[in-house]
Amino acid sequence: ALEMVPIPLTLRLTGLGAPVAFVGLAMSALQDPGGSLAALYSAGAGLLLFGSGVWLLRLHPSLRRDASLFLGAGLSLVTLALGIALSGPALTLAWAVMATLVAVLAARDCDPRWMTAAAALFVLVLGREIGRASCRERV
(Lines give C-alpha, C1' and ligand atoms only; values in the text may rest on other atoms or scores of the structure.)
Protein backbone atom coordinates (compact mmCIF):
# COMPACT_ATOMS: atom_id res chain seq x y z
CA ALA A 1 0.00 0.00 0.00
CA LEU A 2 1.17 3.49 -0.83
CA GLU A 3 1.87 5.49 2.32
CA MET A 4 1.15 9.20 2.06
CA VAL A 5 3.53 11.74 3.53
CA PRO A 6 2.39 15.23 4.55
CA ILE A 7 2.43 17.85 1.82
CA PRO A 8 5.68 19.89 1.96
CA LEU A 9 5.32 23.31 3.59
CA THR A 10 6.29 25.19 0.42
CA LEU A 11 3.56 23.43 -1.56
CA ARG A 12 0.98 24.12 1.17
CA LEU A 13 1.94 27.80 1.27
CA THR A 14 1.79 28.09 -2.50
CA GLY A 15 -1.55 26.30 -2.71
CA LEU A 16 -3.04 28.45 0.02
CA GLY A 17 -1.28 31.69 -0.77
CA ALA A 18 -2.03 31.93 -4.48
CA PRO A 19 -5.83 32.21 -4.19
CA VAL A 20 -5.58 34.50 -1.16
CA ALA A 21 -3.07 36.73 -2.97
CA PHE A 22 -5.34 36.77 -6.02
CA VAL A 23 -8.25 38.01 -3.92
CA GLY A 24 -6.09 40.66 -2.27
CA LEU A 25 -4.68 41.93 -5.56
CA ALA A 26 -8.04 41.81 -7.34
CA MET A 27 -9.75 43.71 -4.53
CA SER A 28 -7.01 46.35 -4.45
CA ALA A 29 -7.51 46.96 -8.18
CA LEU A 30 -11.28 47.40 -7.93
CA GLN A 31 -12.93 50.80 -7.84
CA ASP A 32 -15.39 49.50 -5.23
CA PRO A 33 -13.66 46.90 -3.01
CA GLY A 34 -16.93 46.40 -1.14
CA GLY A 35 -18.96 45.62 -4.26
CA SER A 36 -20.36 42.48 -5.75
CA LEU A 37 -17.27 41.80 -7.88
CA ALA A 38 -15.11 41.69 -4.75
CA ALA A 39 -17.57 39.26 -3.17
CA LEU A 40 -17.47 37.12 -6.31
CA TYR A 41 -13.65 37.01 -6.31
CA SER A 42 -13.55 36.06 -2.66
CA ALA A 43 -16.29 33.44 -2.98
CA GLY A 44 -14.68 31.92 -6.07
CA ALA A 45 -11.26 31.61 -4.45
CA GLY A 46 -12.86 30.33 -1.25
CA LEU A 47 -14.81 27.65 -3.06
CA LEU A 48 -11.68 26.66 -4.99
CA LEU A 49 -9.72 26.22 -1.76
CA PHE A 50 -12.59 24.46 -0.02
CA GLY A 51 -13.06 22.13 -2.98
CA SER A 52 -9.32 21.40 -2.99
CA GLY A 53 -9.53 20.46 0.68
CA VAL A 54 -12.51 18.16 0.09
CA TRP A 55 -10.75 16.56 -2.88
CA LEU A 56 -7.56 16.02 -0.89
CA LEU A 57 -9.48 14.57 2.05
CA ARG A 58 -11.42 12.14 -0.13
CA LEU A 59 -8.37 11.11 -2.13
CA HIS A 60 -6.03 10.73 0.86
CA PRO A 61 -7.82 10.59 4.23
CA SER A 62 -4.42 10.25 5.93
CA LEU A 63 -3.69 13.88 4.91
CA ARG A 64 -6.51 15.22 7.08
CA ARG A 65 -4.36 17.96 8.64
CA ASP A 66 -3.23 19.25 5.24
CA ALA A 67 -6.77 19.12 3.90
CA SER A 68 -7.98 21.07 6.93
CA LEU A 69 -5.70 23.96 5.97
CA PHE A 70 -7.38 24.23 2.57
CA LEU A 71 -10.85 23.77 4.05
CA GLY A 72 -10.24 26.46 6.66
CA ALA A 73 -8.81 28.97 4.19
CA GLY A 74 -11.74 28.35 1.86
CA LEU A 75 -14.20 28.82 4.70
CA SER A 76 -12.50 32.09 5.64
CA LEU A 77 -12.76 33.49 2.12
CA VAL A 78 -16.40 32.45 1.81
CA THR A 79 -17.09 34.14 5.17
CA LEU A 80 -15.44 37.29 3.79
CA ALA A 81 -17.50 37.05 0.59
CA LEU A 82 -20.71 36.81 2.57
CA GLY A 83 -19.64 39.82 4.63
CA ILE A 84 -19.14 41.83 1.44
CA ALA A 85 -22.26 40.63 -0.38
CA LEU A 86 -24.85 40.57 2.38
CA SER A 87 -25.98 42.97 5.07
CA GLY A 88 -28.43 43.14 7.93
CA PRO A 89 -30.15 40.02 9.21
CA ALA A 90 -29.30 38.05 6.06
CA LEU A 91 -25.58 38.27 6.83
CA THR A 92 -26.10 37.32 10.46
CA LEU A 93 -28.23 34.35 9.45
CA ALA A 94 -25.71 33.18 6.82
CA TRP A 95 -22.83 33.34 9.31
CA ALA A 96 -24.93 31.57 11.97
CA VAL A 97 -25.75 28.75 9.54
CA MET A 98 -22.07 28.42 8.62
CA ALA A 99 -21.09 28.32 12.31
CA THR A 100 -23.70 25.66 13.02
CA LEU A 101 -22.57 23.47 10.12
CA VAL A 102 -18.93 23.75 11.15
CA ALA A 103 -19.85 22.91 14.77
CA VAL A 104 -21.85 19.85 13.70
CA LEU A 105 -19.00 18.57 11.52
CA ALA A 106 -16.43 19.28 14.26
CA ALA A 107 -18.50 17.43 16.84
CA ARG A 108 -19.02 14.50 14.47
CA ASP A 109 -15.27 14.13 13.95
CA CYS A 110 -14.28 15.20 17.50
CA ASP A 111 -11.93 17.74 15.94
CA PRO A 112 -10.90 20.50 18.37
CA ARG A 113 -9.43 22.71 15.60
CA TRP A 114 -12.74 22.82 13.75
CA MET A 115 -14.61 23.34 17.01
CA THR A 116 -12.39 26.39 17.53
CA ALA A 117 -13.33 27.59 14.03
CA ALA A 118 -17.02 27.12 14.86
CA ALA A 119 -16.57 29.07 18.10
CA ALA A 120 -14.86 31.89 16.17
CA LEU A 121 -17.78 32.03 13.74
CA PHE A 122 -20.27 32.09 16.62
CA VAL A 123 -18.31 34.95 18.21
CA LEU A 124 -18.48 36.76 14.86
CA VAL A 125 -22.26 36.30 14.78
CA LEU A 126 -22.67 37.38 18.40
CA GLY A 127 -20.42 40.40 17.94
CA ARG A 128 -22.36 41.43 14.87
CA GLU A 129 -25.69 41.17 16.67
CA ILE A 130 -24.43 43.08 19.70
CA GLY A 131 -23.13 45.79 17.37
CA ARG A 132 -26.40 45.92 15.45
CA ALA A 133 -28.42 46.10 18.68
CA SER A 134 -26.32 48.96 20.07
CA CYS A 135 -26.64 50.86 16.76
CA ARG A 136 -30.44 50.47 16.82
CA GLU A 137 -30.59 51.81 20.38
CA ARG A 138 -28.65 54.94 19.42
CA VAL A 139 -30.96 55.76 16.51
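**Exercise 1. Find which helices each supply at least two residues of the lining of the largest pocket in this predicted model.**

Solution, step by step:

- Start with the helices: H2 (36–59), H3 (64–85) and H4 (88–109) each give at least two lining residues to the largest pocket.
- Next, look for the main contributor. H4 brings the largest share, 7 residues.
- Now add the space itself, whose volume is about 550 Å³.
- Then go to the centre of this pocket: of its 20 lining residues, Phe-50, Val-54, Leu-71, Leu-105 and Trp-114 are the closest to that point.
- Finish by sorting the lining by class, which gives 13 nonpolar, 5 charged and 2 polar residues.

**Exercise 2. Work out which helices each supply at least two residues of the lining of the second largest pocket.**

Solution, step by step:

- Begin with the volume, about 220 Å³ for the second largest pocket.
- Pick out the residues in the structure above: the lining consists of Arg-65, Ser-68, Leu-69, Gly-72, Leu-75, Ser-76, Thr-79, Arg-113, Trp-114, Ala-117, Ala-120 and Leu-121.
- Match them to helices: H3 and H5 (112–138) each supply at least two of these lining residues.
- Ask who gives the largest share: H3 does, with 7 residues.
- Last, sort by class. You should reach 6 nonpolar, 4 polar and 2 charged residues; for this step, remember that Gly counts as polar.

**Exercise 3. Which residue is among those closest to the centre of the largest pocket and also lines the second largest pocket?**

Solution, step by step:

- Take the central residues of the largest pocket, Trp-114 among them.
- Check the lining of the second largest pocket, where Trp-114 appears as well.
- Well done: Trp-114 is a residue that fits both descriptions.

Note on methods: Residues numbered from 1 in each chain as written. Predicted model: local features only at pLDDT ≥ 70, side-chain atom pairs only at ≥ 80, totals over all residues. Heavy atoms only, no water. 1 Å grid on protein atoms, 1.4 Å probe; cavity = no way out; pocket = protein on both sides within 12 Å on 5 of 7 lines; lining within 4 Å. Points joined across faces, edges and corners; volume = space filled by probe spheres on them. Helix = DSSP H or I, 4+ residues; strand = E, 2+ residues; numbered from the N terminus.
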